[in-house]
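Trainee: I would like to go through this model with you, taking the helices, the charged pairs, the core and the cavity in turn.

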Amino acid sequence: VEFKPPEASTTYVGSRCSLFPSGTLDIMSSAAAQAAKATLENRDLDDSWQLPDGNVKRGKALFKKHCAQCHSMYPDGRNIIGTSQGPTMFNVCGRVSGEEAVGRARPNEFGDTLNDKSRQVVWTDAALMNYMRDPSRTSGGPVTMNFEGIKDVQTRVDIVHFLHTLTWDNPAMLETPPSKQPSILTTYWRKMTGSG
């Protein structure tokens with residue numbers, strides 16, 4: 001099976017929004033375009049919603065900025081940027097919530113702390129978009145992460161395009177991830193003690 005990532009180029013029309021059919025924003029005033037974008041930023045998307053074009057490279061950078069502090073992108077759950085407090089985002093597209101380990105906990109180890117709604121989420125493109133916009137609304141209650149959500153639609157679209165590359169079909173995911181760099185204090189300690 002040959003890996004073909006999602007389209008990596010995005011055509012930004014009007015106010016950086018590629019969520020409309022080509023040419024739609026060209027005939028809209030900038031005020032109308034802003035109103036249409038604001039509507040998309042504030043509404044829940046249903047499963048019939050189709051993911052528009054996005055930029056995988058930008059999505060990777062945005063994933064590192066917004067998600068990688070707590071979520072790994074590797075199959076083994078290794079996090080080279082932050083701490084693995086949340087489940088790995090590897091192969092998340094199409095997965096059911098609660099199937100992956102959360103940090104050091106095993107799947108479904110939290111018992112009744114997960115409400116029924118958060119146990120029933122299938123991570124479709126629309127569900128990922130909704131969750132990134134407002135995690136507590138999608139999960140049906142408070143979430144245990146310090147993340148208020150991302151309002152910008154194109155930012156979320158680009159992150160979802162990147163998440164689609166985190167699969168076994170992507171040869172880059174099968175390579176050994178780089179090791180986590182030691183902290184400044186560890187580096188300083190090693191230098192001062194000559195221990196490495």
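The questions and answers below concern a predicted model.

Trainee: Is helix α4 largely enclosed or not enclosed by the rest of the structure?

Mentor: Helix α4 covers residues 125-133, and its buried residues are A126, A127, L128, M129, N130, M132 and R133. Since 7 of the 9 residues of the helix are buried, α4 is largely enclosed by the rest of the structure.

Trainee: Which residue forms a salt bridge with R133, and what parts of the chain does the pair link?

Mentor: R133 has a relative accessibility of 5%, and because buried means under 20%, R133 counts as buried. Its side chain meets that of D44 in a salt bridge, at 2.2 Å from N to O. The pair joins distant parts of the chain, 89 residues apart, with R133 in helix α4 and its partner in the loop between α1 (30-42) and α2 (56-66). The residue that forms the salt bridge with R133 is D44.

Trainee: Is D44 buried, partly exposed or exposed?

Mentor: The relative accessible area of D44 is 37%, and the class between the limits of 20% and 50% is the partly exposed one. D44 therefore counts as partly exposed.

Trainee: Which residues are linked with D44 in a network of salt bridges?

Mentor: D44 forms a salt bridge with R137, the closest N and O atoms being 3.1 Å apart. Because D44 lies in the loop between α1 and α2 while R137 belongs to helix α5 (residues 135-139), this pair ties together parts that are 93 residues apart in sequence. R137 counts as partly exposed, at 46% relative accessibility, and D44 also forms a salt bridge with R133. The residues linked with D44 in the network are R133 and R137.

Trainee: What residue does the side chain of R58 meet in a salt bridge?

Mentor: The structure holds 3 salt bridges, and in one of them the side chains of R58 and D158 meet at 2.4 Å, N to O. With R58 in helix α2 and its partner in helix α6 (residues 153-163), the pair ties together parts that are 100 residues apart in sequence. R58 counts as partly exposed at 24% relative accessibility, whereas its partner counts as buried at 0%. The residue met by R58 is D158.

Trainee: Which element gives the most residues to the largest nonpolar core?

Mentor: In soluble globular proteins, nonpolar side chains tend to be buried together. Here the largest nonpolar core has 29 residues, and those with the most contacts inside it are F63, M129, L163 and L166. The elements that give two or more residues to this core are α2, α4 and α6. The element that gives the most, with 6 residues, is α6.

Trainee: Which residues does L163 touch, when residues up to four places away in sequence are not counted?

Mentor: L163 is among the residues with the most contacts inside the largest nonpolar core, as is F63. With residues up to four places away in sequence left out, the residues that L163 touches are F63, M89, V92, C93 and L128.

Trainee: The side chain of R95 reaches which backbone oxygen?

Mentor: R95 has its place in the loop between α2 and α3 (116-119) and counts as buried at 10% relative accessibility. Beyond four places away in sequence, R95 touches P87, T88, M89, F90, E100, V121, V122 and W123. At 2.8 Å, its side chain reaches the backbone oxygen of T88.

Trainee: What separates the C-alpha atoms of V153 and M132?

Mentor: V153 has its place in helix α6 and counts as buried at 2% relative accessibility. M132 is one of the buried residues of α4. The two residues are 21 residues apart along the chain, and their C-alpha atoms are separated by 9.6 Å.

Trainee: What is the volume of the largest cavity, and which residues line it?

Mentor: A search of the whole structure finds 1 cavity of 30 Å³ or more. The lining of the largest cavity consists of F63, K64, A68, H71, S72, M73, Y74, R78, N79, I80 and I81, and F63 is also among the residues with the most contacts inside the largest nonpolar core. The volume of the largest cavity is about 50 Å³.

Methods: Residues numbered from 1 in each chain as written. Predicted model: local features only at pLDDT ≥ 70, side-chain atom pairs only at ≥ 80, totals over all residues. Heavy atoms only, no water. Buried < 20%, exposed > 50% of the residue type's maximum accessible area, 1.4 Å probe, protein only. Helix = DSSP H or I, 4+ residues; strand = E, 2+ residues; numbered from the N terminus. Salt bridge = Lys/Arg side-chain N within 4 Å of Asp/Glu carboxyl O. Polar contact = N/O pair within 3.5 Å; in protein donor to acceptor, adjacent residues only side chain to side chain. Contact = heavy atoms within 4.5 Å. Core = buried A, V, L, I, M, F, W, Y, C linked by side-chain atoms within 4.5 Å. 1 Å grid on protein atoms, 1.4 Å probe; cavity = no way out; pocket = protein on both sides within 12 Å on 5 of 7 lines; lining within 4 Å. Points joined across faces, edges and corners; volume = space filled by probe spheres on them.
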